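Me: I'd like a close look at one small part of this model, and then at how the rest is put together around it. Could you keep it informal but give me the cut-offs as you go?

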Amino acid sequence: MRLSFFVLSLFSSLRTSFPCFFPCKRKPTEGFRGRSPFGRKPDSKVVAIPCVLKLHASDYYMGSTWQSWLTRIFFGALIVLGCFLVGDYGVSIDEPTDHYNGAVSGKYVAEVLLPTFGQHDSTVTQIRSLASHNNNDHGVVFELPVAGLGRLFTHKQSARYYLLRHLLIFLVFVLGTWALYRLSWLRFNSQVAGILTAALLVLSPRMFGEAFFNGKDIVFLACFTLAMYTLARLLQQPTFGRALLHGAATAIAIAMRLPALILVFFTVGSFAVLALYPGPTDSVARRRYPGILTVYLLLTALGVVGCWPYLWEAPLTRFALAYRSLSHYSWPFTTLYLGQFHLATQLPWHYIPVWLLVTTPLPYVLAAIVGLISSLWQLLSSRGHNLSSLVGRLDLLLIGWLLCPVLSVIVLKSTLYDGWRHLYFVYPALLLLAVRGLMLIRQALKRPSVRWLAAGLLVLFSFETLRTTGRMVRLHPYEHLYFNHLSAPIVEQQFERDYWGLAFRQGLEWVLAHDPAASITVSSDVQDMLYANTLLLSSAEQARLRLVPKGSPLPPARYFLANYRWHPQPYPDSLGPEVYAIRAEGIRILSVFRRSDSVSPK
């Protein structure tokens with residue numbers, strides 16, 4: 001009931017904040033002049049909605065076109081679907097740590113505002129101070145408010161907290177999907193293109209699956225996409241108001257993760273393009289650009305400090321320390337890639353491209369290649385003259401968005417692990433280029449010489465997308481284990497599998513359901529994954545489990561849950577027979593072994 005109330009409240013807030021989704025049913029009124037959000041001067045009719053933006057009737061009268069209804073249906077169905085699925089996922093290995101990072105910063109902020117906060121509350125005093133915390137330089141722009149909401153609504157109830165957390169991650173993903181939809185609409189001047197791009201993001205199995213538990217990479221993807229959308233609007237109409245909005249979005253993205261600093265370079269470079277390649281539709285004098293850019297940079301700097309408590313006491317010094325920590329980050333483990341274990345600091349240059357290719361639906365990749373080649377050709381063949389138009393400027397931005405981060409991690413030999421999740425934020429650019437490629441193929445239908453080839457490609461794209469949708473249904477709730485055209489044996493031998501550890505939830509539930517003992521001992525080769533998923537169990541179920549650490553002097557646990565992350569080969573017989581296994585489209589991701597000679601204590 002409380003979840004339903006929360007969703008209804010969210011719906012009401014969305015209707016107020018985003019009237020383009022849930023518009024007031026008003027007829028166009030005559031004589032109300034203004035400028036539309038797309039920057040075109042309305043020539044006749046404008047929709048007047050109190051307390052919101054003035055909307056051009058031909059673009060924004062939401063009750064008059066089927067595209068508008070399709071948009072509302074799409075996002076409404078997405079939110080409803082997410083609310084139904086949110087309870088199906090386990091807890092990833094990083095989530096308890098991320099939650100604690102948010103709690104540490106939350107305690108620091110509370111003590112700054114109210115020095116006597118929590119002095120008589122044991123749950124607060126047990127939280128370490130920000131100064132002594134190992135991860136104090138991690139961005140908490142998402143984790144801090146989530147920790148606060150968790151304390152308000154789910155205090156001392158871990159299962160409810162992680163349900164709330166997963167819902168909030170998904171809602172941020174919806175926000176990022178909306179930003180991508182608007183960015184695509186702006187680039188292609190087509191609402192249908194915007195819906196198509198958003199749909200491709202939702203129908204990307206790994207992105208959709210991780211949108212329920214990956215509070216790092218998916219949230220960063222959403223924040224980065226929102227910042228790119230505000231940058232596109234700033235390029236369209238450079239005003240102080242849009243500079244303030246873009247500065248706020250950039251600050252949030254940087255406070256989430258430092259790689260978002262590239263947004264500042266994108267913005268400064270975009271203003272250089274505006275100055276060097278003025279266009280006939282540019283309505284802002286170039287002499288105003290320095291002032292607008294200064295406002296953006298100032299708000300970005302202030303916003304980063306405001307959103308990142310770690311910086312409050314010494315902003316410049318601590319920002320430099322955080323950047324140095326990121327630049328020299330060392331993850332001391334290995335990762336399975338192409339059948340061999342590599343140190344995360346010594347990966348082959350092709351690690352990111354290969355992971356991207358094997359985990360992204362193949363039609364999206366092929367369409368994106370077509371769109372990328374077309375954009376580069378148009379840019380080079382015009383010798384930069386197309387940069388005087390908004391479309392040309394946005395295409396240059398998309399090319400940089402996709403290629404610059406990928407090339408930088410290859411050249412700098414950055415520390416990477418867990419697939420290509422650290423670069424998920426470039427994926428929206430790939431989808432935008434894929435939509436451009438699809439539109440080029442669609443235009444080829446008008447040419448008799450290639451009509452049948454273009455039609456065949458579009459049919460294959462549609463078929464493969466439907467097939468991907470069906471595979472997402474079969475994989476649920478393990479969509480993050482999607483590989484496009486690799487067989488299960490090849491995946492098991494060549495790549496990491498469930499590095500998030502979500503399958504432990506299902507494994508623990510099976511053990512509890514099939515062993516009636518009052519106390520059950522369990523162990524694993526990845527103990528953190530095992531512990532994380534006990535947090536979704538009820539208090540009574542948690543009380544029945546006894547976790548035996550690896551290498552403990554205690555007697556061996558009766559049940560051993562194997563993850564296969566660092567052990568792709570079969571496990572030894574000494575663990576007992578395999579009594580339960582979890583597979584995702586044939587890929588073995590977890591096994592439960594039971595020792596017959598060990599009895600759980602009563």
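Which residues does Gly-87 touch, not counting residues up to four places away in sequence?

Reply: Gly-87 touches Leu-163 and Arg-505, once residues up to four places away in sequence are left out; contact here means heavy atoms within 4.5 Å. Before going further: this is a predicted model, where local features need pLDDT of at least 70, side-chain atom pairs count only at pLDDT 80 or more, and totals for chains, interfaces and linings use all residues. Residues are numbered from 1 along each chain as its sequence is written, and side-chain values use heavy atoms, with hydrogens and water left out.

Back to the glycine. Gly-87 sits in the loop between helix H3 (66-85) and helix H4 (95-113); helices (H or I, at least four residues) and strands (E, at least two) are DSSP runs, numbered from the N terminus. At 32% relative accessibility, Gly-87 counts as partly exposed, the class between buried (under 20% relative accessible area) and exposed (over 50%), with a 1.4 Å probe and protein chains only. Its partner Leu-163 is 76 residues away in sequence, yet the two C-alpha atoms are 6.3 Å apart.

Now for helix H7, residues 158-188. Its 31 residues reach 45 Å from first C-alpha to last, close to the 45 Å expected at 1.5 Å a residue; the expected span is 1.5 Å times one less than the number of residues. Of those 31 residues, 25 are buried, so H7 is largely enclosed by the rest of the structure.

Both flanks of H7 have a backbone oddity. Lys-156, in the loop between helix H6 (143-153) and H7, has a positive phi near 65 degrees despite not being glycine. Lys-156 is also exposed, with a relative accessible area of 68%. After H7 comes Asn-189, again with a positive phi, near 55 degrees. Most residues other than glycine have a negative phi, and most peptide bonds are trans.

Elsewhere there are other exceptions. Leu-338, in the loop between strand E4 (334-337) and strand E5 (340-343), has a positive phi of about 55 degrees and is partly exposed at 38%. The peptide bond from His-476 to Pro-477 is cis, with omega near 5 degrees, and Pro-477 lies in the loop between helix H19 (451-475) and helix H20 (488-494).

For a buried counterpart to Gly-87, try Leu-438 in helix H18 (residues 427-443). Leu-438 is at 9% relative accessibility and counts as buried. Setting aside residues up to four places away in sequence, Leu-438 touches Leu-196, Ala-367, Leu-458 and Phe-461.

Zooming out, the protein chain has 23 helices and 10 strands, and buried residues make up 52% of its 602 residues. Links like the one from Gly-87 fit a wider pattern: among contacts between residues at least 6 apart in sequence, 72% join residues at least 24 apart.
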